[in-house]
Amino acid sequence: MGGSHQEFIRRKGSDTMSSLNIALLGFGTVGKGVYHSIDSHQKRLQEIFQKEVKIVAILVKNLQKHNIPRKDIILTDNFEEILSIQDLDIVVDAIVGTEPGFTYLQKSLKRGCSVVTANKEMFSKHGKELLNLAGQNNVSIGYEATVAGGIPIIQTIRQLLQVNRIEKVEGILNGTSNFILTSMRKNKGTFEQNLIQAQKNGYAEADPTNDIEGFDAYYKGVILSELVYGEKPETTQADCRGISEITSEMIEEADRLDLKFKHIVTISKSDQQINCTVELALVTTEHPFYQVEGVQNAVSINTDLVGNVTLNGPGAGMFPTASAILEDIIQLDRKVAVSPCTRIVEPDYNTKTKWVLFYQGKSINLPSDTSLFHSPTSKIVIVETDDVSGIKELNPSINFFRLKGDYILSKEKVIV
Ligand SMILES: NC(=O)c1ccc[n+]([C@@H]2O[C@H](COP(=O)([O-])OP(=O)(O)OC[C@H]3O[C@@H](n4cnc5c(N)ncnc54)[C@H](OP(=O)(O)O)[C@@H]3O)[C@@H](O)[C@H]2O)c1
C-alpha cells in the first residue's frame with residue numbers, strides 16, 4: 001500500500017472544508033471510546049489531516065438501546081445504509097464475533113473504504129484474506145487494537161521487522177487471567193472466588209471461557225504469528241492450556257520461592273513448524289513479566305540485532321483501545337511494506353527446558369540427572385529436561401509448568 005501521508009490527505013480531497021468521514025460499527029465500550037476520543041482530540045486530528053474528522057454513522061444491533069445526542073449522525077441497524085453513504089472514507093469495526101464483522105469488512109474494502117478493526121476473533125480467522133482484499137482495492141487495514149489494547153505492539157513489530165529478525169515473541173495478552181493470578185497471590189482465595197471478583201470488577205465476561213481457557217490469548221497469538229512469520233501457527237486452539245487448574249496452594253508455594261504464575265503466549269518458529277503455545281508458566285524475578293500485575297498486558301520481542309524489547313501497559317478498556325484505533329486511523333496510509341521473518345531458530349542443544357513440578361504424596365520418582373532443586377517442605381521440584389512426559393508417566397498426579405527466566409537459587413532456598 002504505497003503513498004505518502006500527504007497523498008492520503010490529497011486523495012481524501014484537497015478541499016479543506018471537506019471532512020474525513022468515519023462509520024463506526026458497534027457502540028459498546030470500544031465504539032463509545034472512539035466516539036468520545038475523536039471529540040476530545042478533534043483539534044489535534046484536524047492539525048494532522050487538515051480537515052475535520054467526523055463520525056458520520058453508527059451501526060448497532062439494538063436501536064432502542066441507543067440515543068446519540070448529535071442528530072447529524074446516522075444511527076442504524078442496517079449495514080447497507082452505511083455502505084450507501086457517499087464520501088465514506090474509513091469503517092471502524094468495534095462489534096463482536098466473526099460474523100457479521102467479516103462480511104461487513106469485506107464489503108467495506110470492496111467499496112474502497114479503509115478499515116480499522118478491534119475485532120480479534122474475526123481478524124485471527126480472516127486477517128490474511130482481509131489484508132489481501134485491501135491490497136487489491138488499494139486501501140488499508142489497521143488492526144493495532146486487536147492485540148494488547150493500548151500497547152502499540154503491531155507498529156513496533158512492523159518497525160522492528162524492517163531490519164531485525166524476530167526469534168520469538170512472548171506475551172501476557174489477556175488481562176482477565178493476569179488479574180485472577182495476581183489477585184490469588186495478593187488477596188488469597190480460590191480460583192473461583194477470584195474469578196467472581198474479576199466479573200464484579202467488569203474484567204471478566206459472564207461466560208469467561210475465552211479468557212480463562214486461553215482462547216482469547218490464542219486469537220492474539222495467531223495475529224502476531226501472521227505478522228511475524230507470515231503464516232498461522234500449526235498449533236491450534238485445542239492445544240491451549242488455561243488457568244483454571246491453578247490452586248491457592250500452588251500460588252503460595254511458588255511465592256515462597258519468589259516465583260509467579262503467568263499465563264503466557266509464545267510464538268516461535270522451528271524447522272518443523274510455527275508454534276503458538278498458550279500455557280501457565282512460572283517466571284522468576286529476572287523475567288520481564290515478573291512485575292506485570294493485574295489487568296496489565298506485556299509483550300516481549302526477541303530479535304537478533306536489538307536483543308529483547310519489552311512493552312507493557314493497559315491491554316483493554318475504553319480509552320486505551322480507542323487510542324490504538326486513532327493511531328491506526330492516522331497511520332492508515334503510512335504503512336511501509338514489511339517482510340515476514342523467515343529465519344528458523346536453531347534449538348540451543350546446551351540448554352534444556354526447566355520445569356517446576358508440584359507433587360502430592362510423600363515423594364516423586366525422577367529419572368537421574370534431571371533434578372536441579374528439590375524442596376520437600378513445599379513439594380516442589382525443579383527439573384531440566386526437554387521431555388517432561390516420562391516424569392508425568394511415572395507420577396500421574398503431578399502438575400508441571402515451564403520455568404521462564406534465570407533462576408538464582410539462594411542458599412536458604414536450596415534443600416539438598
Ligand atoms: N472492550 C475492550 O476493552 C476491547 C479491547 C480490545 C478489543 N476489543 C474488541 O472490540 C470489539 C468490541 O468490544 P466491546 O467491548 O466494545 O463490545 P460491546 O461493549 O459488547 O459492544 C459491542 C457493540 O457491537 C454491537 N453489535 C454486536 N453485534 C452486532 C451486529 N450483529 N450488528 C450490529 N452491531 C452489533 C452492539 O450493539 P448493541 O449495543 O445494539 O447491542 C454493541 O454496540 C470486540 O470484537 C472486542 O473483542 C475490545
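Here are legends for four close-up views of this predicted model.

**View 1. The ligand and the residues around it.**
Start with the ligand, which has 22 residues surrounding it. Asn62, Lys65, His66, Ile95 and Gly317 are the closest of these. Sorted by class, the shell is made up of 11 nonpolar, eight polar and three charged residues.

**View 2. Polar contacts to the ligand.**
Zoom in on the oxygen atoms of the ligand. An N or O atom in the side chain of His66 sits 2.8 Å from a ligand oxygen. The backbone joins in too: a polar backbone atom of Val30 is 2.8 Å from an oxygen atom of the ligand, and for Gly28 a backbone N or O atom lies 3.2 Å from a ligand oxygen. On its own the ligand would expose 900 Å², and the protein buries 80% of that.

**View 3. Helix H9 and its buried side.**
H9 runs over residues 191-200, and Phe191, Asn194, Leu195 and Ala198 are buried in it. These four are on the same side of H9 because they cover an arc of only 105 degrees around the axis. So what do the buried residues of H9 pack against? Their partners are helix H8 (175-187) and helix H10 (209-212). Follow the chain just past the end of H9 and you meet Gly202, which takes a positive phi of about 80 degrees.

**View 4. Two buried loop residues, Asn164 and Thr146.**
Asn164 belongs to the loop between helix H7 (153-161) and strand S7 (166-172). Is Asn164 buried or exposed? Its relative accessibility is 10%, so Asn164 counts as buried, the cut-off being under 20%. A polar atom of the Asn164 side chain lies 3.1 Å from the backbone nitrogen of Leu305. For the backbone nitrogen of Val306, the distance to a polar atom of that Asn164 side chain is 3.0 Å. Setting aside neighbours within four places in sequence, Asn164 is in contact with Thr303, Asp304, Leu305 and Val306.

Thr146 sits in the loop between strand S6 (141-142) and H7. With 0% relative accessibility, Thr146 counts as buried as well. Look for the side chain of Thr146 reaching the backbone oxygen of Tyr143, at 2.6 Å. Beyond its neighbours within four places in sequence, Thr146 is in contact with several residues, among them Thr117, Ala118, Asn119 and Lys120. Phe123, Lys220 and Ile223 are also in contact with Thr146.

Technical notes:
Residues numbered from 1 in each chain as written. Predicted model: local features only at pLDDT ≥ 70, side-chain atom pairs only at ≥ 80, totals over all residues. Heavy atoms only, no water. Near = heavy atom within 4 Å. Polar contact = N/O pair within 3.5 Å; in protein donor to acceptor, adjacent residues only side chain to side chain. Areas by Shrake-Rupley, 256 points an atom, 1.4 Å probe, with all protein chains shown as cover. Nonpolar A, V, L, I, M, F, W, Y, C, P; charged D, E, K, R; others polar. Buried < 20%, exposed > 50% of the residue type's maximum accessible area, 1.4 Å probe, protein only. Arc of directions from axis to C-beta. Contact = heavy atoms within 4.5 Å.
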